[in-house]
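Please look over the model below with these notes at hand. They deal with one helix and with the nonpolar cores.

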Amino acid sequence: FKKYMQKFYNIQHALKCIHVCGTNGKGSTVNYMKEVLIKQGYTVGTFTSPALISRLDVVRINDEWIKEQFIVDVANRYVDNWLKYEISLFEIEVFISILYFIYQGVDYAIYEVGLGGELDATNIILPMVCVNTNIGLDHMDYLGDSYESIARAKAGIIKEHVDFITGEHKQECVDIFRDTCEKHHSHLIRLDRIHDLQDGENVKYTYKDYNIVLNTPALYQIENSALALATLLYLKEHHFIELDESSIVEGLFEAKWAGRFEIISEKPLIILDGAHNREGVDELYRSARKLHNLKIIFSALRDKDTDYMIERLLDLTYDITVCEFKHPRSQSAKLLAGDYPVKIEPDFRKALDDIYLQEGTFLITGSLYFISEVRKYLLQKIHSK
């Protein structure tokens, strides 16, 4: 892919980029930054994955999906080169996004890493700053089975003289980031302390001198939004962007990210959350434990620590239904359930239909691919009523 981009004179270097890696919270952090920058009057391109609603939503400008015709036109023109260089579908999407952002004249482009960091296709960009949300034990088949090895892979996005901002607290990971930054003559910047946390329907906190209110009860969005704010303040201090306090406060409040503690229905109360690994479920637990009469529908990919995830969800409620969905790496409901005291309903559509025959609060969680299918089905159901 590097050779392919060199053939195109590394046109990605024309973009002013922010690069975001991490185990959880990458998409949310990208979304918070995007919303604040739009409030400030900028045109912002975002590249996030996986797709949640449509394959087109991976590439957006000011939250509008890329036009299908643009993809068709680019494919017709460059497909022979793609075959010659044997680049993957994900690499093709990164290339298309670069062309699209340049063609549309975006002010800034924010790229979310797909997997890891060092070997990820998005690592082709030359960012103004690199950002890491956190390090968790995920994608261990690819990134290694320890926090250190995963941190090393994600530190691969650090470039010469490009500073690195992280919300990670584990010392073994921070040490790797610091060593990598020193080798690349970059500064390691850690998130400042977050003060005055207030739980509720709208979580609140203070970061530096900014009093922030988020339009979500999800406690895990505090660190994601604070990291977004820290990154934007860095860019302001280094004269990359202009930034008003009103843009910060309004942008962070108005930001919405589908599939992350998303209330998709009020009656009955249905919440979707893509907690797709150990750390994701731990963070979900903090917010979900305040829900009453909770019933959970769950499905996941087979390469995740699903035993841990189910055990953690059982700390919230014994009313758990495990389902299946179509994906090459999805796990069967029977194997997911194991010997745990959970209900098995392979057809997730049947489990969703049954929601309307019960009372309670319904939390649907697990793989983002599962949440994507669920969301599509529920929205069709809601809109047909």
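1. Just after α7, H185 has a positive phi of about 55 degrees. This is a predicted model, where local features need pLDDT of at least 70 and side-chain atom pairs count only at pLDDT 80 or more, while totals for chains, interfaces and linings use all residues. Residues are numbered from 1 along each chain as its sequence is written, and side-chain values use heavy atoms, with hydrogens and water left out.

2. Helix α7 covers residues 171-183 (helices are DSSP runs of H or I, at least four residues, and strands runs of E, at least two, numbered from the N terminus). Its 13 residues should span 18 Å at 1.5 Å a residue, and the end C-alpha atoms are 18 Å apart, which agrees. The expected span is 1.5 Å times one less than the number of residues.

3. Buried in α7 (under 20% relative accessible area, 1.4 Å probe, protein chains only; exposed is over 50%) are C173, V174, I176, F177, T180 and C181. They lie on the same side of α7 because their arc around the axis is only 160 degrees, taken from the directions from the helix axis to the C-beta atoms. The face turned away carries the exposed E182 and K183.

4. The cover over the buried residues of α7 includes β6 (129-132), α6 (147-154), β7 (164-166) and β8 (188-190).

5. The largest nonpolar core (buried Ala, Val, Leu, Ile, Met, Phe, Trp, Tyr and Cys joined through side-chain atoms within 4.5 Å) has 39 residues. Its largest share, 10 residues, comes from α8.

Technical notes: Contact = heavy atoms within 4.5 Å.
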